[in-house]
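Subject: Structure handover

Hello,

Here is the structure for you to look through. My notes follow below.

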Amino acid sequence: MGDISTDHREQVKTILFLLFVLFNAVLIFLIWSDNLTERSPENQGFVRGAQIFPTESSDNPLDIMPDQDLDVDDSSIPTPPPTLQPEKENFDLGDIGQLLTSSPITRRI
Amino acid sequence: MQRGLPAVVMNNSIKGGKKTTQRLSLFNKRKLVPYFITLLLIIAAWLTGRSASGQDAAPIVHDLIPEAAIVEKHGSIFVGLSVDEQQIVGFAAVGEAPGYSGPISMLVAMNPEGDIIGVRIISHSETPGFFRLLAYNGFIEQFVNKHFNHQFVPGHDLDAVSGATLSAEGVAASARQAVRTIAREGLERELPPEKRALQFGIPEITLILLFAVGYVGHKLRSSVWKKRIRWGTLLTGLVVIGFIYTIPLTISQVVSLLSGYWPDFYTNLYWYLLIGGILFVVSVDAKNPYCSWFCPFGAFQECLGAVTGAKRYRPRRWKNILTWMQRGLALSAILFGLAYRNPSGLSYEPFAVLFDLRGNSFQWIFLISIVLASLLMYRPFCNIFCPIDPVMDFISESRRRIREIWEIFLQTIASR
C-alpha cells in the first residue's frame, strides 16, 4: 500500500516537473520570437536633429531625393511630430523595470 | 586486444590488480558522432555568417543630410552636394566599434562647419533591452549639434547610461571613428590621437580574486573549508558581478568570441579576463571555475534553495531528453548567433531581468517561474536550461579529444 502511494507521489512529481520544463521551454521560444521582432528593421529608429523618426524614410516629408525638385516652400511642409520612441499600445510588464530604475532626472522621455 | 584496432588506440590500465584493456573514447561512436556533427554545424554557421554582407549606408545619407541633392562617395566619406554641384552641404561617414554583443555601426553626418547634424545606428547586435535603454535616456541624441573636436566620451562630454555602459561606449566609439574620418577626409583637419587608458577597477580585481580563491578552494581537502570558501565566492559573485555591475557570463559573449567580435581591450579588460580565465582553467585543469563557484544567477538560485533545503531533482527516465534539450537550446543560440552574426539574437538568460530589473513580459514570467522552482529544487535554471553548461561540456570534450589525439601521436612516434 505504501509503495503504491510512493509511486503515485513520484508520478505526480514527475508530471509537475515536466509541465514546468514544457512551460519554460515555450517561454524561451516566446523570448526568442520577441527578441527577433524587436530587432527587426521596422523597430530601429534613427536620429536626426534631436528627433527619432520611424525608419521608413518615405514617411518623412522632408526627404529629398536627387531627382526631386528642390524649389519647395518648406513652410508648407508639415513637420513630423517629435516622438522620441515608438508609442506602445499596451503596458508591457517589462516596463516595470524601466520605471523602477529610471529617475525623473535621467528619464527624459 | 580487439582485432582491427591499432595498438596505439588501446589504453592499458590496471584496476584492482586486474589488467584491463579499454578503447579510448576517440573511437567511441556514441560520443563521436554528436560531437563532430556539432562541430560541423558550428563551422557551417560561422562560414554562413562570414559570407553575409553588411548593410549599405549610402541610401541613408539623404535622411541625415536632407539639403543634399546629390550624394557622392569620396574615399571613406559621403559628400552631400547642392543642386548645382558647386556647394558642399554636408559630409557623412560610417564608424564601427564593438559593443557588448558585437559591432555597432553608426552613420554620422556633419555640416561643412564641423557640427554634427544627424546620426543613425545602421546595425547592432546588442540585447534589445539594453539598447533600448540608450534611446530612453537620450544617449544617441547627445551627439547632435556637437562640434567635431569634442571627445565623445561617456562620462566626460556625453552623459553615461547606467546599466548599458558597454553599449554606450560602443556607440560613442563608433561615432568617434566616423567623426575622425570626416575630419580627416572631409574637413581636412587632423585630430590628435585618442588617449586610451586601460580600465582596471573593482570588477577586474574581484574577478581575479574569485578565480584565485576558487582555484585554492578546488584544491582544498577539507570539505568544511571548501564549502565555506565556495559560499564566500558565490555570495561575492552574486553581489559584485550580479547586483552591482551586472556582468555575468552569457551565451552572447561566447558567440561574440566565436564570431570574432572581440571588444576593445582597453575598455573591456573584464571581458578578456572572464572569457580567457574560464577557457584557460577548463582547457588546462578540466574544471569549470565559473558555474559552481561564482556564477551570480547560480548563487541566487542556491541561496533560495538553501532557505527551503531544496534538492537536485531530475527524473532518471527523462535525464537524456533533458540533457539534449539543454544542448539543443545552447546550440540553437550559438548557430543563429554565428549565422546571422547576431550574438544575442537567441539569448534567453534571465540575468538582466533579475539584476537590472529589465526585460520583456516573457522574460519576467520566465524569471518568476525559475525563482519559484528554486525553492523546490536545486538550481533549476542551471540544470535544465542554462546554455553555458553545454558549452563547458563541449570544451571539456574537445580537450579530451585533443589529448587523446596527442597521446596517439606520441605512441605512434614511440613505436617507430
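The lining of the second largest cavity has five nonpolar, three polar and no charged residues. Ala, Val, Leu, Ile, Met, Phe, Trp, Tyr, Cys and Pro count as nonpolar, Asp, Glu, Lys and Arg as charged, and the others, Gly among them, as polar. The lining residues are Pro98(B), Gly99(B), Tyr100(B), Gly102(B), Ser256(B), Tyr261(B), Pro263(B) and Trp271(B). A cavity is a set of points on a 1 Å grid over the protein atoms alone where a 1.4 Å probe fits but cannot get out, and lining residues have an atom within 4 Å of a point. This one holds about 30 Å³ of space.

This is a predicted model: local features need pLDDT of at least 70, side-chain atom pairs count only at pLDDT 80 or more, and totals for chains, interfaces and linings use all residues. Residues are numbered from 1 along each chain as written, chains are lettered from A and ligands numbered from 1 in written order, and side-chain values use heavy atoms, without hydrogens and water.

Now the packing. The largest nonpolar core (buried Ala, Val, Leu, Ile, Met, Phe, Trp, Tyr and Cys joined through side-chain atoms within 4.5 Å; buried means under 20% relative accessible area, 1.4 Å probe, protein chains only) has 67 residues. Tyr348(B) and Phe366(B) are among those touching the most other members. Helix α10 of chain B, residues 319-339, gives the most to this core, with nine residues. Helices are DSSP runs of H or I, at least four residues, numbered from the N terminus. Another core, of 35 residues, lies apart and includes Leu81(B) and Ile140(B).

Best wishes

Note on methods: Buried < 20%, exposed > 50% of the residue type's maximum accessible area, 1.4 Å probe, protein only. Helix = DSSP H or I, 4+ residues; strand = E, 2+ residues; numbered from the N terminus. 1 Å grid on protein atoms, 1.4 Å probe; cavity = no way out; pocket = protein on both sides within 12 Å on 5 of 7 lines; lining within 4 Å. Points joined across faces, edges and corners; volume = space filled by probe spheres on them.
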